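These are my notebook entries on a single protein chain, written while I went through the model. I looked up the overall make-up and then the packing of particular helices, the aromatic pairs and one loop residue.

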Amino acid sequence: MSDLSHPPSLTTPGEPATPAPAVPEVVTPPVGDRRDIVGRSPNQLAWRRLKRDRTARVSALTLLVAAVVALGAPLLGRLTGIDPTDKFVDRLNDFGMPIGYAGGISARHWLGLEPGSGRDILLQLVHGLRTSLFIAFASALLASFVGVTVGVLAGWARGWLDGLVNWLIDLTLAFPFLIFALAVIPILEDRFYSAREAPSPAFRVALIVATFGLFSWTYTARLVRGQVISLREREFVDAARAAGAGTGHILFRQLLPNIWAPILVTVSLNVPQFIAIEAALAFVNVGVTEPTPDLGRMIYNSIGYVASDPWYTLFPGLTIFLLVLAFNLLGDALRDSLDPRSTR
């Protein structure tokens, strides 16, 4: 009986036998040693690039701490037993300056007291941070909502609607926004309040948010319009049409999920812009009114005490600087992670 594992050699009688060619041995790795290739979606790749960015991590941590401090402002007031409107005039000298080292810094008043009013700077700073972040985020969300809605409709409809939106965008961009806000806010206040009535703080905050949101949507609208125009002729949109999908399904289920990345970057870059503009409005006494704490108004109130008490100016100014810087750095890192080609 022949051995089937070794095939016979093909030789003729009298010739030396030629060994059969060796059959390569196939080694199957154990199941436990296999390294499966895991596919990653574009969102997962972007998140992975963002986590590797050290600047993004530091900026995100800074903003997280700021958000926690702002949300915990009422808790801080209960723990210290101090309200941001409390005035400690007994801690001021005859010239209205805080008694003690570096503007009245003590175990109870960690950042000192405001000259003239005697209010606690730490409580004013924390509640002012809360006010600035609320106005900035609310304005950015409103501007993004209006911009995305107008941009999607203009990019999809084209024709006369697209031309009207482009004309409206060009007209809005022709106005300097800060100067326009300085003019609009007092006019609208006079429309709802008489000269003898002081506007409520809630009304002033709502007016600032509406002004920021309704006159800052143009960049988002132009960006979204261009994205929609480039995507409306793609194959997946034609496939959705062929499957019988309606306009609403195509706009909100097909197009919007593919343009969320630039919208997110726009929101992250709008927030620091609104923080700076809100502080500028408060600096010229057109922003949030008393008794609502505000970072820009703290800087405005500290102008007369820069030489005698520079700490009063330093704390709110440094807070605004760190907020704007952290948001800008995080926005740049977010843009680079979502679109790696932008760094080339």
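Entry 1, overall make-up. I began with the secondary structure and found 13 helices and zero strands in the protein chain, so noted with the reminder that this is a predicted model. Reading from the N terminus on, I wrote the order of elements as α-α-α-α-α-α-α-α-α-α-α-α-α. I then looked up burial, and of the 344 residues of the protein chain 40% count as buried. For contacts between residues at least 6 apart in sequence, I noted that 71% join residues at least 24 apart.

Entry 2, α4 and α13. How do the axes of helix α4 and helix α13 cross? I found that the axes of α4, residues 121-157, and α13, residues 310-338, come within 11 Å and cross at roughly 30 degrees. Because angles under 35 degrees count as roughly parallel, I entered α4 and α13 as roughly parallel to each other. The crossing in which α4 passes α13 is right-handed. On the α4 side I listed Ile121, Leu125, Leu129, Leu133 and Phe137 as making the contact, and on the α13 side Tyr312, Phe315, Pro316, Thr319, Leu323 and Phe327. Sorted by class, this contact of α4 with α13 has 10 nonpolar, one polar and no charged residues.

Entry 3, a loop residue beside that contact list. I turned next to Leu111, which lies in the loop between α3 (73-80) and α4. Is Leu111 buried or exposed? I recorded Leu111 as buried, since its relative accessible area is 18% and the cut-off for buried is under 20%. Leaving out residues up to four places away in sequence, I found that Leu111 touches Ile105, Ile121, Leu122, Leu125 and Phe315. Among these partners, Ile121 and Leu125 of α4 and Phe315 of α13 also belong to the contact between the two helices. For Leu111 and Leu125 I noted a C-alpha to C-alpha distance of 9.3 Å, with the two residues 14 apart in sequence.

Entry 4, α9 and α10. I looked up a second helix pair, α9 (residues 235-242) and α10 (residues 247-255), whose axes come within 11 Å and cross at roughly 140 degrees. That angle makes α9 oblique to α10, because the label roughly antiparallel is kept for angles over 145 degrees. The crossing of α9 and α10 is right-handed. I listed Phe236, Val237, Ala240 and Arg241 of α9 against Ile250, Gln254 and Leu255 of α10 as the residues that make the contact. By class, I entered five nonpolar, one polar and one charged residues for the contact of α9 with α10.

Entry 5, aromatic pairs. How many aromatic pairs does a search of the whole structure find? I noted seven. Phe283 and Tyr300 form an aromatic pair that is edge-to-face, with 6.3 Å centre to centre and 85 degrees between the planes. This pair links distant parts of the chain, as Phe283 sits in helix α11 (residues 260-283) and Tyr300 in helix α12 (residues 295-301), 17 residues apart. I checked the accessibility of both residues: Phe283 counts as partly exposed at 36% relative accessibility, and Tyr300 is partly exposed with a relative accessible area of 33%. I also wrote down one aromatic cluster, formed by Phe177, Phe212 and Phe274.

Key: Residues numbered from 1 in each chain as written. Predicted model: local features only at pLDDT ≥ 70, side-chain atom pairs only at ≥ 80, totals over all residues. Heavy atoms only, no water. Axes fitted to C-alpha atoms, helices over the stretch in contact; angles between N-to-C directions. Parallel < 35°, antiparallel > 145°, perpendicular 65-115°, else oblique. Left-handed = near helix turned anticlockwise from the far one by under 90°. Contact = heavy atoms within 4.5 Å. Nonpolar A, V, L, I, M, F, W, Y, C, P; charged D, E, K, R; others polar. Phe/Tyr/Trp six-rings, centres within 6.5 Å; stacked < 30°, edge-to-face > 60°. Buried < 20%, exposed > 50% of the residue type's maximum accessible area, 1.4 Å probe, protein only.
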